[in-house]
Amino acid sequence: MHDTKSSGVYGTPPAELAEAPEGAIQFSALIPGSARLEEQPEGSLGEMIVLAPPGTVERRTVTALALHALAPGGSLTILAPKDKGGSRIAKELKGFSCEVSESSRRHHRICTTKRPPALIGADEAIAEGGPRLDTALGLWTWPGAFSWNRIDPGSALLEQTLPPLSGRGADFGCGIGVLARSILASPKVERLDMIDIDRRAVEMAARNLDDPRTQVRWADLRVGTDLKGLDFVVTNPPFHDGGAEDQSLGQAFIRRAAEALRPGGILWLVANRHLPYEAALTTLFRRVTPKVEASGYKIYEALK
């Protein structure tokens, strides 16, 4: 009987739309400490609830992995805001040979299904959404990680602006390691702590930067950091949480940088032009210098 099996949840679905059972295993790549859905044995779960990610490749892969982890007849509830992939979920499930019931509530589409006896196309979707070497970037990447298939223009501008750095530093929100690759080009860098909330990004960064000076960690910087006495921090902070703009994310990164830097240490930050980070910077740093403004981005050098 599959009803004696464990249940799983991916992400943080709104409880009023789909409540995760007590004790459900969390599988989100964006919640540090979560289990890896891609390693969950086939047929091992009786129930799965998924807040579907917005990216098409990522969403199809997570859906296929969730179905793969379910026992035949196990139940899947998968939901997303209509304008962030929700309207496509039913069609994608039918493509995996599922019979689907669909409802709409609070701007979300909610689909329920059971794992069919034969899953069609799931292996292909899982393979498509796994790690890959991007020859154009020259980096390993993973669909769903930030800017996984292109260099983010903000990171590119910061990369062009950074002077050679030295000493001990950190890359907050390191992604797959684009900025770190530039930072580590300076032989005077002694150590670089790289932190990101996305497990996929962290795993790719570790693969991309086989350098004894690096320490790569899967962690949520909003919770805090144990880093102290750093010479520099470099960051292209996120400003979206679950698809909605959230300026407090960047402000939290600025606070963590101020806590981690020694007096005289330097923060290099890139932000979209419209984001109001000046108040946080001037409150926490002795001197704040706007360095570059181009292509809708601005770069600050802030002295602790």
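This passage describes the cores, helices, pocket, cavity and some individual residues of a predicted model.

A good place to begin is the packing of the interior. The largest nonpolar core holds 26 residues. Tyr10, Leu37, Met48, Val50, Leu76, Ile78 and Leu93 are the residues with the most contacts inside this core. Two or more residues come from each of strand S3 (45-51), helix H1, strand S4 (70-81), helix H2 (89-95) and helix H3 (122-128). Helix H1 gives the most, with six residues. A second, separate core is made up of 24 residues, including Leu267, Ala271, Tyr277 and Ala280.

Met48 offers a helpful view of the surroundings of one core residue. With neighbours within four places in sequence set aside, Met48 is in contact with Gly8, Val9, Tyr10, Phe27, Leu37, Ala66, Leu70, Ser75, Leu76 and Thr77. Of these partners, Tyr10, Leu37 and Leu76 also appear among the residues with the most contacts inside the largest core.

Helix H1 (56-69) turns up again at the second largest pocket, where both this helix and helix H6 (199-208) supply at least two residues of the lining. The pocket has a volume of about 200 Å³. Its lining numbers 16 residues, and Glu38, Thr61, Leu65, Gly129 and Trp142 lie nearest the pocket centre. Helix H1 provides the largest share of the lining, namely four residues. By class, the lining comprises nine nonpolar, three polar and four charged residues.

A charged residue within helix H1 also deserves a look. Glu58 belongs to this helix and counts as buried because its relative accessible area is 11%, below the 20% cut-off. Beyond its neighbours within four places in sequence, Glu58 is in contact with Tyr10, Pro53, Pro143, Gly144 and Arg200. Two of these partners lead to other parts of this account: Tyr10 is among the residues with the most contacts inside the largest nonpolar core, and Arg200 is one of the buried residues of helix H6.

Helix H6 itself is mostly covered, with seven of its 10 residues buried. The buried residues are Arg199, Arg200, Ala201, Val202, Met204, Ala205 and Asn208. They pack against strand S1 (6-10), helix H1, strand S8, strand S10 (189-196) and strand S11 (214-218). At the N-terminal end of helix H6, Asp198 acts as a cap, with a side-chain oxygen 2.9 Å from the backbone nitrogen of Arg200.

An N-terminal cap is found at helix H4 as well. Here the capping residue is Asp152, and one of its side-chain oxygens lies 3.1 Å from the backbone nitrogen of Gly154. Helix H4 spans residues 153-161, and its buried residues include Gly154, Ser155, Ala156, Leu157 and Leu158. The packing partners of the buried residues of helix H4 are helix H5 (178-183), strand S12 (230-235), strand S15 (261-272), strand S16 (287-294) and strand S17 (297-303).

Ser155 of helix H4 also takes part in lining an enclosed space. A search of the whole structure finds one cavity of 30 Å³ or more, and the largest cavity has a volume of about 130 Å³. Its lining consists of 14 residues, with Phe146, Ser155, Cys174, Gly175 and Val178 the closest to the cavity centre. Six of the lining residues are nonpolar, six are polar and two are charged.

Finally, three single positions are worth a visit. Ser147 has a positive phi of about 50° although it is not a glycine. This serine sits in the loop between strand S8 (139-141) and helix H4, and is classed as buried because its relative accessibility is 14%. A positive phi, of about 65°, is also found at His107, another residue that is not a glycine. His107 occupies the loop between strand S5 (101-105) and strand S6 (108-114). With a relative accessible area of 66%, His107 is exposed, whereas Ser147 is buried.

The third position, Gly74, is part of strand S4. Its relative accessibility is 0%, so Gly74 counts as buried. Gly74 and Arg115 are separated by 41 residues in sequence, while their C-alpha atoms are 5.5 Å apart in space.

Definitions and conventions. Residues are numbered from 1 along each chain as its sequence is written. This is a predicted model: local features need pLDDT of at least 70, side-chain atom pairs count only at pLDDT 80 or more; totals for chains, interfaces and linings use all residues. Side-chain values use heavy atoms; hydrogens and water are left out. On a 1 Å grid over the protein atoms alone, a cavity is a set of points where a 1.4 Å probe fits but cannot get out, and a pocket is an open set with protein on both sides within 12 Å along at least five of seven lines; lining residues have an atom within 4 Å of a point. Grid points are joined across faces, edges and corners, and a volume is the space filled by probe spheres set on the points. Ala, Val, Leu, Ile, Met, Phe, Trp, Tyr, Cys and Pro count as nonpolar, Asp, Glu, Lys and Arg as charged, and the others, Gly among them, as polar. A nonpolar core is a set of buried Ala, Val, Leu, Ile, Met, Phe, Trp, Tyr and Cys residues joined through side-chain atoms within 4.5 Å. Buried means under 20% relative accessible area, exposed over 50%, partly exposed in between (1.4 Å probe, protein chains only). Contact means heavy atoms within 4.5 Å. A polar contact is a pair of N or O atoms within 3.5 Å; within protein, one must be able to donate a hydrogen and the other to accept it, and residues adjacent in sequence count only if both atoms are side-chain atoms.
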